[in-house]
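Got your viewer open? Let's take a walk through this one, selecting a few residues at a time.

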Amino acid sequence: MIRPKPLVRALLSVALIAAAAQPLCAAPEGAARPAETAASALVRGEVEQAALNYTEALKDTSLPNDRRAAILNDRGVANIKLGHTRQAFEDFNLSAQLFPEFAAVYNNRGNLLLSLGLAKEAVKDFDRSIVLAPGYAAAYNNRAGAYVRLAQIDDAIADYTKAIQLMPSSPAPLSGRGLAHLTLHRPHAAIRDFTRAVKADARFAAGYRNRAEAKLDVEHYDEAIEDLSRAIAFDVNQADSYVLRGKAYLATRKTESAIKDFTKATEVDPKSALAFAERGFAYAVVAAYDQAFGDLNKAIDLEPRSGLAFAYRAYAYKQSDQIDVALRDIEVAQKLNPTSAEVYWVKAEIEEAQGQREPALADLRKALELRPGYRDAADSLQRLGGVAAHAQDVVLAGAGVDAWQVVEKGDRYVALNDQYPRVTIPLEMLGKGQPKLLAWELKEMPYRGIGLLRFQAGTLTTKRGDEDLELVAVVDVDMGVVIAIEPHRQGEKVATWTWDANKVTVATADGVTDEFELRVGRPDVAGTGMGERRYTSTSQAGEAWAPWDSPFGGSFEQGPKQKVQVKKKKSKTIFDLLFN
């Protein structure tokens, strides 16, 4: 199944400084009491009272400029919380005039500018804040959010990385960098950052939700469901979490659970076009066409430019043998979203129904080009007996190793091997340059079916100069699943790989340790599922050990897809069909 687009709004969110700024010098005794009372009220969420107390504190004409600037800054924060944008600007501007060296006021004013869509102006304020306070982690984090708004993702990642260095225990910059990686089609890098974020704060609902989105991207559906269940437990009012979990359930053919989650999403957010579109698609899968068309029509009413909703409705029309109407909808879907893998997959389904095999194969290849590893498209291509989609792709000369080739797909690269037609390894580039495969090892028993592909991932410019990056993809070739992609080398730093009876620990080159639980004694048969995976991050430790001559294994099981059988009897309702 298909995941929704990355949660860009989470990337763009800004965290205003809620706590009162600390005074830069001792305040007169008469002014201290109302200012301190205001700060306490602001922490308690009594924002209106806090603003009144700050105003009272400012009546003291003996306040020095730096102290008055600090109180104005804090009142500006209170005014933002009250929705008084103009008054907040006035407070921040006056604070900056009174005390131009006050870094916090530029950070706060930058956040206010960013919330109003003025990203370029916000960057200027964050720049000032960082010049005045080079160790101001929040300013780096917030400037990264502004860079995301400006589509300067590499700059955003650099700032998130700096913020992480300054406050390694904070989940915010880790989650922000993970979302930035997602926008650059680096789901495995994103998973590592989200894992660190939820380790820093075990109740960080957005971190679990974001990690689940990345896991959906790499089709680790059971793991995504587990993360989304955690996210929902900590925050029951996020419709996105129910939609994502519903998609994961649908991908594993648990249609009843999927429809329940989509229904819950429509209850939490009755204006969510995505929730109605996904539930409509789920109904179409089980041939409940009246409900499907009702939901898909509702989705289109809510979002008339939703290419996904039109594509899903085209699928429903195709399933109900209304090909002419399906063709009209898929044409609209393609105009609205010409780069959607889902649209090309549905288009191929319609063409197959018309007996147009070659156009269907071409559209399935296009779907796989847009999203390498898209399982529904790969399954359809295999069913139609088509040539592997990569046979017509551009192969990067001199970049392969053994039977593996590097194939360029738009702005992305993947590693492909005709011996493993279901395996597509995304070569996530973390630096400048093109990928080059360096080594491939297929493990023997008891870890048969696990392979390690090491590749160059570009050059990164650091304070030490340019450093070459190497990553390792850990692959289950039987299941056609990339389990993880781990940083192995950065300049002179090399990862440490340690194995014991039931887990592998990788102390990676970037200073983070990732741990995977393993299942020893893998069955000597193809088609073994992926089991529950535990992925954690800790501080770097361990004894150096090259992975190429050492055993590696994993137990990562995903249940096989099953067709949903729905009995069609006029005497039963769709509720009876799905939930009884």
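Two strands count as paired when DSSP finds at least two bridges between them. Keep that in mind for the first stop, and remember throughout that you're looking at a predicted model.

**Stop one: the sheet.** Select residues 412-416, which make up strand S3, and then strand S4 at 425-426. Two bridges join S3 to S4, and the two run antiparallel. For a spot to zoom in on, pick Ala 415: across from Ala 415 you'll find Ile 425 in S4. Now widen the view to the whole open sheet, which has four strands in the order S1-S2-S3-S4 with antiparallel pairing. Strand S1 (394-395) and S4 are the edge strands, each pairing on one side only.

**Stop two: a helix.** Next, select residues 273-285, helix H16. What span should its 13 residues have at 1.5 Å a residue? The expected figure is 18 Å, and the end C-alpha atoms are 18 Å apart, so the two agree. Try showing the surroundings too: eleven of the 13 residues are buried, so H16 is largely enclosed by the rest of the structure. Among the buried ones are Ala 273, Phe 276, Arg 279, Phe 281 and Tyr 283. Click on Phe 276 and add Lys 298: the charged end of Lys 298 sits over the ring of Phe 276, 5.9 Å from the ring's centre. Then step just past the helix to Ala 287, which takes a positive phi of about 65 degrees.

**Stop three: the rings.** Colour the aromatic residues and you can hunt for ten aromatic pairs. Start with Phe 281 and Tyr 312, a stacked pair at 4.4 Å centre to centre with 25 degrees between the planes. Phe 281 belongs to H16 and Tyr 312 to helix H18 (residues 307-319), so this pair ties together parts that are 31 residues apart in sequence. Are these two buried or exposed? Phe 281 has 2% relative accessibility and counts as buried, and Tyr 312 is buried as well, at 1%.

Now jump to Trp 404 and Tyr 420, another stacked pair, 5.9 Å centre to centre and again with 25 degrees between the planes. Trp 404 is in the loop between S1 and strand S2 (405-409), while Tyr 420 is in the loop between S3 and S4, so here the linked parts are 16 residues apart in sequence. Both Trp 404 and Tyr 420 are buried.

For a last selection, go back to Phe 281 and Tyr 312 and add Tyr 315 and Trp 345: these four form one aromatic cluster.

Notes
Residues numbered from 1 in each chain as written. Predicted model: local features only at pLDDT ≥ 70, side-chain atom pairs only at ≥ 80, totals over all residues. Heavy atoms only, no water. Expected span 1.5 Å × (residues − 1). Buried < 20%, exposed > 50% of the residue type's maximum accessible area, 1.4 Å probe, protein only. Phe/Tyr/Trp six-rings, centres within 6.5 Å; stacked < 30°, edge-to-face > 60°. Lys NZ or Arg CZ within 6 Å of the ring centre and 35° of its normal.
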